[in-house]
Amino acid sequence: MELTLSIRLSCFSFFCLLVLSVSSEASHRKDEEHASTPPRGWNSYDSFCWTVSEEEFLQNAEILSQKLHAQGYEYVVVDYLWYRRKVPGAYVDSLGFDVIDEWGRLMPDPVRWPSSRGGKGFTEVANKVHSMGLKFGIHIMRGISTQAVNAKTPILDMTTGSAYEESGRVWHAQDIGLKEKACAWMQHGFMSVNTDLGAGKAFLRSLYLQYASWGVDFIKHDCVFGDDLNINEITYISEVLKELDHPILYSLSPGTSVTPDMAKAVSGLTNMYRITADDWDSWGDVAAHFDVARDFAAAKMIGSVGLLGTSWPDLDMLPLGYLTDPGSNEGPHRRCRLNLKEQRTQITLWSMAKSPLMFGGDLRNIDDTTFSLITNPTLLEINSYSANNVEFPYVRGSSSSRGRKHGQSRMYLTSMEETEVEVLGLTSCKDPKASGWLVEELDQDLEQICWKENMEGYREPFCLYKRNSLVESDEEIMYGSQYQGILHLLASENADICLNASPRRKITSSEFTRGSFSHCTRNANQMWEFHSNGTLISSYSGLCAIMKKVKANAGAAGARSWIATGRTGEIYLAFFNLNPDDMVIATEISDLAKALPGRSISSCTGKEIWSDTDLDRPTNDTITSFVKSHDSALYVLKCN
């Protein structure tokens, strides 16, 4: 099977998502596996926020076709709010500015996307992208838009071409939208659809069949994973995509609080899924990816079975090149804030972890250094074809930037000792650790729900005050029938401040949620159900609350390493210095075999890629590298 790479564009800022997929001939055969290697491409999110236009998008696609397609880049993806009018008052969570058709389905803003006029959607844009030898993708949100629900638009039945009818009546958007399950961080924009209803399924089917008719090859589905998990919608959409003659790669986002146990529920339904919150160009965001990448590799989730092929844990886009700022309505206007060492570390980790490589910078202003990074042949080879990719713990590091002046040095192993704190998070309810809650009665009318294990260093367990969820309106009484026994969990006895399951804003990778609180409302994001087995279940996501230990400065320092094997027997070994000081990082040759079962290693030769230096001679004892602060070293080894 011939393999080609792909690239993806998004609307926030121009990120390049390098997507490796099967060739054109193979990819249009329904029974062929797709996403057999990590997707790669260009995405518009980081450089244009949500304001990317048809002209800007196609200019980037043309550059990709001319300069990167031969190197394997194929997908270009329009990310985020392509349907929102760019007018005063419109912003990320505004209401009433979206373009929808008579069936409540989103359509491109005709001012920014003029070829969409006349109900053509993205058909002409997709045709132009395909004529360049590329593939076309879009970003979409969960469920249905609030604007369609408020407009009471009818639902299209794709089998009849008319309004959906069941039980002797016509169904409309307000019949299927779950207002209490609005997206936590875009509450005015989108809400879940009731997939238990035939009308709810009919609406989702009409969406995805429309996308297929436009020629869409890639869908990034947002506010359905991580803390925002919507397993019912993911499952049904996967079923619809599986039936299409035109294969569409299916990607999930965001990845806030994702664990391997959570991902196992969706990996077989998708082709890629985010495992972190948003990644931007800060060192804290880069460093925050090391632990989660390690955990997914150890759980053997890399390249596991997915929708019509394989699925890949996604570390998010690479914020390199010419960018804008998060939430900005204009851009791009600035260069990446990561220095070259930090950029090398990021793309080396992404490649060693076999994450999809998504570039987000504006290709019209790409510089030679950035271009050389995203086209480095060793990184692309590792990302596409390496195997046995895992974190390698058998390294030691010493730092002496100040110590040398005083005749001393500091030693670091794979990570420094860091202070641990307990935070409230979410996990799969299949996780045995989730059964850690109990009810404590304070008096006849007041109870607490407490984590029964005392937190280390604390005298009292973590507790929240329990209150039955209040009904405030006739509409909420209608919803109340399905939420009987549901609780609000309050921070204190008297304050009307309730625990949220998902943050009410988009967070970055370097942030972790300790449990966010806001004014109590009848919203599923604040509704919880306590079970007798000791689990506390979110009505918003179906995930279970858990108290977990995290490092207070997780990923902020230390020596880390990854290892993988190549197609012809070579060994890839990467060293990473997460420390603020320069370090010497080393490993014993004899330890390499500990991570590579079945191999016996006595000596190695090879080259370090970033410095372009050869090992002086075959070595049978130690590989040692001087690695500057936040930098990496990448070895390609031939070992006996």
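**Stop 1: helix α14**

Select residues 377-385, which form helix α14. Its buried residues are T378, L379, L380, I382, N383 and S384. Keep in mind throughout the tour that this is a predicted model. Now add N376 to the selection, because the residue caps the N-terminal end of the helix. The cap is made by a side-chain oxygen of N376, which lies 3.0 Å from the backbone nitrogen of T378.

**Stop 2: strand β5 and its neighbours**

Move to residues 135-140, strand β5. Is this strand enclosed or open to the outside? Six of its six residues are buried, so β5 is largely enclosed by the rest of the structure. Show the side chains and look along the strand. K135, G137 and H139 point one way, while F136, I138 and I140 point the other way. Residues on both sides are buried.

Next, select residues 75-78, strand β4. This strand pairs with β5 in the parallel sense, over four bridges. To find one of the contact points, pick V76: its bridge partner in β5 is F136. Add residues 123-131, which are helix α4. Together, β4, α4 and β5 make a β-α-β unit, and the unit is right-handed.

Strand β5 also has a parallel partner in strand β13, residues 218-221. Four bridges join β5 and β13. Select I140 in β5, then look for H221 in β13, its bridge partner.

**Stop 3: the nonpolar cores**

Keep F136 selected and add F57 and W82. What do these three residues share in the largest nonpolar core? Of the 145 residues in this core, F57, W82 and F136 touch the most other members. Now select residues 198-214, helix α7. The largest share of the core comes from this helix, which gives nine residues.

There is also a second core, separate from the one just described, with 21 residues. Select I589, L592, V627 and C639, which are among its members.

**Stop 4: an open sheet**

Which strands make up the open sheet with the order β6-β12-β11? The order names the three strands, and their pairing is antiparallel. Select residues 144-145 for β6 and 177-182 for β11. These are the edge strands, and each pairs on one side only. Then select β12, residues 190-193. Strands β11 and β12 are joined by three bridges in the antiparallel sense. One place to look is A182, whose bridge partner in β12 is M191.

**Stop 5: the disulfides**

How many disulfides does the structure hold? There are five. With the bonded cysteines numbered in sequence order, the pairing is 1-2, 3-8, 4-5, 6-7, 9-10. Three of these bonds can be visited in turn.

Select C450 and C463, which are joined S to S at 2.0 Å. The torsion about their S-S bond is about 110°, so this disulfide is right-handed. C450 sits in strand β26 (residues 446-451) and C463 in strand β27 (residues 463-468), 13 residues apart. Both cysteines are buried.

Go on to C498 and C520, whose sulfur atoms are 1.9 Å apart in a disulfide. Here the torsion about the S-S bond is about 90°, so the bond is right-handed. C498 lies in strand β29 (residues 497-500), and C520 lies in the loop between β30 (516-519) and β31 (528-530), so the pair ties together parts that are 22 residues apart in sequence. C498 and C520 are buried.

Then select C604 and C639, a disulfide with an S to S distance of 2.0 Å. With a torsion of about 105° about the S-S bond, this disulfide is right-handed. C604 belongs to strand β37 (residues 604-608) and C639 to strand β40 (residues 632-639), and the two cysteines are 35 residues apart. Are they buried or exposed? Buried means under 20% relative accessible area. C604, at 1%, counts as buried, and C639, at 14%, is buried as well.

**Stop 6: S625**

The last selection is S625, in strand β39 (residues 622-627). Its relative accessibility is 9%, so S625 counts as buried. What does this serine touch? Leaving out residues up to four places away in sequence, S625 touches F575, M583, V584, I585, A633 and Y635.

Terms used: Residues are numbered from 1 along each chain as its sequence is written. This is a predicted model: local features need pLDDT of at least 70, side-chain atom pairs count only at pLDDT 80 or more; totals for chains, interfaces and linings use all residues. Side-chain values use heavy atoms; hydrogens and water are left out. A nonpolar core is a set of buried Ala, Val, Leu, Ile, Met, Phe, Trp, Tyr and Cys residues joined through side-chain atoms within 4.5 Å. Buried means under 20% relative accessible area, exposed over 50%, partly exposed in between (1.4 Å probe, protein chains only). A disulfide is a pair of cysteine sulfur atoms within 2.5 Å. Two strands pair if DSSP finds at least two bridges between them. A crossover is right-handed if, with the strands pointing away from the viewer, the path from the first strand over the helix to the second runs clockwise. Contact means heavy atoms within 4.5 Å. A polar contact is a pair of N or O atoms within 3.5 Å; within protein, one must be able to donate a hydrogen and the other to accept it, and residues adjacent in sequence count only if both atoms are side-chain atoms.
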